[in-house]
Amino acid sequence: MTSAVPIRRLHVLVVEDNVLNQKVAEGFLDQLGCSCLVVDSGERAIAAVKQSHFDVVLMDLRMAGLDGLETTEAICEQVPADHRPKIVALTADAMAGSETRYREAGMDGFLVKPLRLATLESTLRQLFPWSQDPASGSCGSLET
């Protein structure tokens, strides 16, 4: 079990075509106090982002059809910047230079698979800073 301190209720879109990876991401996000929607393709991700507000998209890079880079580029082209979620790459590719390529495609972060709770939490907290009340140890509200 983890001692993760809940993050404000971020709304997360998980774009992942592997069912096991979907379940892992959902479980971790639940532990962090986030809500999520899971889709299994780039096409569904684009539609979801156009229909609903998400704070962040966890984007698998290797998918049939549109891959994660193509999906990210489409979201960046089709969704106005002030309504665009943060996009974080989910990949097994930890080669030097990969992060630069992902950021150039419009991604805001990078997580290496297998996904780990502490790394996910750290990345979300970097993307969505908050103030912590030292007396209570809980996160301050970032409600929009």
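**Close-up views of a predicted model**

**View 1. Lys113 and Asp60 join in a salt bridge.** Here the side chains of Lys113 and Asp60 come together, with N to O at 2.8 Å. This pair links distant parts of the chain, since Lys113 sits in the loop between E5 and H5 while Asp60 belongs to strand E3, 53 residues apart. Asp60 counts as buried because its relative accessibility is 3%, under the 20% limit. Keep in mind as you browse these views that the model is predicted.

**View 2. Glu16 and Lys113 form a salt bridge as well.** The N to O distance for this pair of side chains is 2.9 Å. Glu16 is found in the loop between strand E1 (11-15) and helix H1 (19-31), and Lys113 in the loop between strand E5 (109-112) and helix H5 (117-127), so the contact ties together parts that lie 97 residues apart in sequence. How buried or exposed are the two partners, Glu16 and Lys113? Glu16 is buried, with a relative accessible area of 2%, whereas Lys113 is partly exposed at 21% relative accessibility.

**View 3. Glu16, Asp60 and Lys113 make up a salt-bridge network.** This view brings the previous two together. Lys113 pairs with Asp60 and also with Glu16, which links the three residues in a network. As a reminder of the chemistry, side chains of opposite charge can pair when their charged atoms come close.

**View 4. Asp40 and Arg44 are partners in another salt bridge.** The closest N and O atoms of this pair are 2.5 Å apart. Asp40 is partly exposed, with a relative accessible area of 36%, and Arg44 is partly exposed too, at 49% relative accessibility. For the wider picture, a search of the whole structure finds six salt bridges.

**View 5. Helix H3 has a set of buried residues and a capped N-terminal end.** H3 covers residues 68-78, and its buried residues are Gly68, Leu69, Thr71, Thr72, Ala74 and Ile75. Which elements do these buried residues pack against? Their neighbours are helix H2 (42-51), strand E3 (56-60), strand E4 (86-91) and helix H4 (98-104). A handy point when looking along any α-helix is that it has 3.6 residues a turn, so residues three or four places apart point the same way. At the N-terminal end of H3, Asp67 acts as the cap: one of its side-chain oxygens lies 3.0 Å from the backbone nitrogen of Leu69.

Conventions: Residues numbered from 1 in each chain as written. Predicted model: local features only at pLDDT ≥ 70, side-chain atom pairs only at ≥ 80, totals over all residues. Heavy atoms only, no water. Buried < 20%, exposed > 50% of the residue type's maximum accessible area, 1.4 Å probe, protein only. Helix = DSSP H or I, 4+ residues; strand = E, 2+ residues; numbered from the N terminus. Contact = heavy atoms within 4.5 Å. Polar contact = N/O pair within 3.5 Å; in protein donor to acceptor, adjacent residues only side chain to side chain. Salt bridge = Lys/Arg side-chain N within 4 Å of Asp/Glu carboxyl O.
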